[in-house]
Amino acid sequence: MRVLLSLAVVAVLAAGIVTVLRDVPFGGNSSRLGSHFVENGREDTGAANIVTSVVLGYRGFDTLGEVTVLFVAAVGLGALLVAGEKNAPRKLEKASMVLTTGSRFLFPLILLFGAYIFIHGHLTPGGGFQGGAIIASGYLLVYLGSRDRRLGKNWAASIETGGGLTFVLLGLAGLTAAGHWFLSNFLPLGVPGQLLSAGIIPIIYVAIGLKVGVELTGVIDSLMGGTE
Amino acid sequence: MVNPVLLLAVPMGLAFTVPVIERITGRVSRWVPVAAMLFNLVLCVRLIPAVLEGPVIVQLGGFVPPFGINLYVGPLGLFFAGLIALAGLVISVYSLTYIRTGPLARYHMLYILLLVGATGVALTGDLFNLFVFFEILCISSYALVAYNGDRAGLESSVKYLIQGSVGSSMLLVGIGMLYGIFGTLNMADIARSVGMVDQGVLFVPLIFMLGGLGVEAAIFPMNAWLPDAHSSAPSSISAVLSGIAIEVGLYAVARMVFTVFGISDLFLFLAFLGVLTLLIGEMCAFAQSNIKRMLAYSSIGQIGLILFALAVASGVTVTGGLFQFVNHTFSKGLLFLSAGYLIYRSGSMEISSLQGMGRRMPLTSLAFTVGSFSLVGLPPFAGFPGKFLIVRGALERGGTVIVVLTGLVLLCTILEGAYFFRVVQALYFREGISGGSGERAPAAAAVAMILLMMLILALGAYPQFAETFLRSAASDLMGAVEHVGSVL
Amino acid sequence: MTFLNEYAFYIGAFGLILIGLLTILLRHHLIKLIIGLSIMETGINLFLIAIGYISRGTAPIFPVDGGAGTVMVDPVPQALVLTAIVIGVAVLAMALGMAIRLHGHYGTLDMRRIKELKW
């Protein structure tokens with residue numbers, strides 16, 4: 001019964017989807033928005049990576065919301081896993097020497113790579129979220145190697161707050177500058193393609209990168225049974 | 001003039017500072033929501049004159065719509081932002097003392113962000129931005145429902161999460177389809193081009209989006225999560241979820257139907273769905289013996305009533321529906337807040353264990369009674385003008401089907417009265433049973449409940465003050481053409 | 001055959017979405033439900049990217065030496081997918097956290113046995 005009902009629901013949905021997609025050809029022309037962004041993105045925001053100019057320029061407010069969503073998840077997960085009784089300490093086998101040494105060796109390199117990704121977010125593929133995820137993966141590796149090395153709680157809290165506040169305050173700074181709106185790019189845009197270009201975009205991406213790195217590390221920490 | 005974007009940016013910034021504040025001193029963080037919502041309330045009041053002259057359009061990042069995201073702060077958006085700020089303020093005062101255990105700082109952060117998400121949904125003029133704020137609202141409510149960490153909270157939260165995520169996915173599919181069809185995400189831009197596209201093609205994304213938003217709004221076939229989640233959450237969170245979260249979901253549905261799609265063929269179906277939701281909610285509420293579940297089902301009923309009012313789509317009923325939004329936020333908030341301490345005192349959620357509470361907790365019982373009477377729609381309280389406007393408008397509108405549906409609405413009011421009077425009777429006219437703790441409602445909770453009672457009485461006594469503003473909000477909701485004209 | 005060629009990405013994307021939905025509707029184990037959610041999200045991301053594709057377009061990133069005249073795909077859906085992925089991660093993290101706590105309470109993740117709340 002349940003199977004039949006579910007299949008019926010799915011079939012109806014599939015039929016609906018087919019009717020719509022006949023009108024949206026695959027690989028067709030660019031939308032009005034898309035072509036506008038590709039043509040004007042570099043002049044408007046100074047970023048050579050048009051996806052970045054959309055993410056932090058035209059749709060920067062979405063990204064503020066996105067940062068908030070991740071913040072909510074990190075905070076909520078912490079509340080969820082800290083709230084109850086502490087999990088009984090599990091028996092953990094010590095990691096082998098290869099893993100321990102290897103993770104210690106790779107850790108700084110991974111951090112460096114993550115930082116590279118978010119610093120160059122406006123020039124090359126990548127950005128704050130991707131860089132942050134890479135940094136968190138470095139911490140995950142270290143946790144696998146040796147469970148006692150953790151990101152300090154005070155550090156984590158200040159980076160989380162600092163990153164979020166940087167974003168909001170830069171937006172508000174744009175508001176105070178004459179003739180500008182919230183999150184408008186009030187710094188000089190520079191020459192697209194150079195490292196120091198695109199005004200506030202690299203600053204925001206560095207802030208996001210650090211914040212996301214810390215938050216995802218916190219998520220991993222909570223899921224692995226970290227205690228506060 | 002003050003910029004409406006501060007309504008979102010400042011509370012968000014304050015929430016971001018809480019982790020550091022918590023590290024420095026643990027006692028301050030619970031005041032942060034109070035400060036944030038007070039700020040929002042003052043800002044909303046200061047924005048009223050400007051908004052009544054014409055909607056305020058905020059171009060974020062300085063890009064002209066449809067290329068950038070815009071906020072659309074019309075009377076309706078400001079009405080919701082103000083309602084959220086006011087209810088959020090009162091409930092945050094209540095939580096100062098109500099929430100005592102668990103990771104307190106995290107509770108307050110999530111609480112602010114839930115309200116930020118709700119405000120964002122109310123103000124945004126961009127579909128994808130709506131989705132993002134919707135997710136902020138949803139994810140923080142998943143976490144807050146499970147805040148107590150007990151079995152019931154976790155179970156209901158996980159159910160809520162799965163249904164909510166499927167809903168959000170549907171919403172995102174709908175948004176993606178609309179982007180494929182129109183090549184834009186701006187609501188006004190879509191509303192402008194909606195007439196040029198085959199209506200049959202639009203129907204599918206509309207269903208996807210209404211299905212997705214309907215989960216959060218708890219419209220009939222998609223509301224299985226609500227009674228569990230609202231009854232298992234801490235009472236302050238139940239008040240926010242019932243009073244704000246589902247109403248914001250319904251607001252988003254109304255925005256889609258009225259502004260973005262402008263489809264009037266669907267109204268009769270929605271009115272029917274509204275009455276069905278109302279009937280099912282009230283009948284289930286009648287059958288409950290657990291007080292919080294009863295209140296949760298009653299929220300489903302109220303949502304159905306408001307959906308019906310909006311779907312009849314005459315100026316009077318929409319005004320009445322918006323009035324009912326206010327009334328439901330205040331009364332259901334008051335009911336959950338007072339129920340929170342009644343439950344603390346009696347140690348049980350069963351209605352039978354509340355017998356004789358009227359003498360042991362006079363203020364809290366009075367608050368519960370005022371809330372019930374207002375929700376049922378008795379004259380001196382805020383519930384009366386709203387229901388009166390809805391029924392009057394629906395009868396004026398005429399048509400056999402609408403009249404029959406209105407009759408069913410009135411029938412449900414009787415049902416509603418029956419189960420609320422049962423509780424009030426237990427509170428005052430039954431011999432008390434001893435047991436439970438000797439807990440009294442502390443000062444902060446008393447202040448919150450008295451504030452809500454005064455608001456309900458004031459609205460009931462002088463509905464005309466609110467009505468003028470609500471009438472312009474109603475025309476804001478129904479005027480898609482003006483919306484397009486002012487944004488683009 | 002041309003139909004398949006033209007619509008292969010849409011079919012794949014919606015195939016994933018519907019598979020995910022079926023998983024959620026039919027399975028009882030919480031971890032499987034979460035996997036279903038993930039599959040669905042992946043399908044949606046694929047769908048969004050497919051909408052923005054332009055035949056023979058490249059990634060919308062300008063190289064240092066101009067890059068004028070190249071066909072670039074629509075950047076908007078890519079930006080949307082970035083946001084959608086982050087939101088998906090957030091939901092996934094919450095769901096897994098709840099699964100851990102539920103397992104602590106019940107010792108099982110079978111949703112048929114986690115059923116204390118009734119009508």
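This passage walks through a predicted model, from one of its chains to its open and enclosed spaces, a pair of strands, a helix residue and the cysteines.

Chain A is a friendly place to start. Its secondary structure consists of eight helices and zero strands, and reading from the N terminus the elements follow the order α-α-α-α-α-α-α-α. Chain A has 228 residues, and 54% of them are buried. Contacts in this chain can also be sorted by how far apart the partners sit in the sequence. Taking contacts between residues at least 6 apart in sequence, 69% link residues that are at least 24 apart.

Attention now turns to an open space. The second largest pocket holds about 550 Å³. Its lining is made up of 19 residues, and those closest to the pocket centre are B:I48, B:F79, B:L86, B:A466 and B:F469. Five helices of chain B each give two or more residues to this lining: α2 (31-53), α3 (75-98), α13 (315-346), α18 (443-461) and α19 (463-478). The top contributor is α3(B), which supplies five residues. The chemical character of the lining is easy to summarise, with 18 nonpolar residues, one polar residue and no charged residues.

Enclosed spaces come next. Eight cavities of 30 Å³ or more are present in the structure. The second largest cavity has a volume of about 110 Å³. It is lined by 13 residues, and B:F131, B:S169, B:L172, C:E41 and C:I87 are the closest to its centre. Two chains take part in this lining: helices α5 (127-145) and α6 (151-182) of chain B and helices α2 (30-51) and α3 (75-106) of chain C each give two or more residues. By class, six of the lining residues are nonpolar, five are polar and two are charged.

Chain B also offers a pair of strands to look at. Strand β1(B) spans residues 56-59 and is covered on both faces, with B:V56 and B:V58 buried on one side and B:I57 and B:Q59 buried on the other. Its partner is strand β2(B), residues 70-73, and the two strands pair in the antiparallel sense over four bridges. Within this pairing, B:Q59 stands opposite B:N70 of β2(B).

Another glutamine of chain B, B:Q199, belongs to helix α8(B), which covers residues 199-217. Because its relative accessibility is 40%, B:Q199 counts as partly exposed. Leaving aside residues up to four places away in sequence, B:Q199 touches B:V194 and B:I263. The second of these contacts, B:I263, is 64 residues away from B:Q199 along the chain, yet the C-alpha atoms of the two are separated by 9.1 Å.

The cysteines round off the picture. Across all chains, the structure contains zero disulfides. Why does B:C284 have no bond to B:C412? The sulfur of B:C412 is the closest cysteine sulfur to that of B:C284, but the two are 11 Å apart, so the gap is too far for a bond. A disulfide would need the two sulfur atoms to be within 2.5 Å. B:C284 counts as buried because its relative accessibility is 15%, which is under the 20% cut-off. B:C138 also counts as buried, at 1% relative accessibility.

Key. Residues are numbered from 1 along each chain as its sequence is written. Chains are lettered from A and ligands numbered from 1 in the order in which they are written. This is a predicted model: local features need pLDDT of at least 70, side-chain atom pairs count only at pLDDT 80 or more; totals for chains, interfaces and linings use all residues. Side-chain values use heavy atoms; hydrogens and water are left out. Buried means under 20% relative accessible area, exposed over 50%, partly exposed in between (1.4 Å probe, protein chains only). On a 1 Å grid over the protein atoms alone, a cavity is a set of points where a 1.4 Å probe fits but cannot get out, and a pocket is an open set with protein on both sides within 12 Å along at least five of seven lines; lining residues have an atom within 4 Å of a point. Grid points are joined across faces, edges and corners, and a volume is the space filled by probe spheres set on the points. Ala, Val, Leu, Ile, Met, Phe, Trp, Tyr, Cys and Pro count as nonpolar, Asp, Glu, Lys and Arg as charged, and the others, Gly among them, as polar. Two strands pair if DSSP finds at least two bridges between them. Contact means heavy atoms within 4.5 Å.
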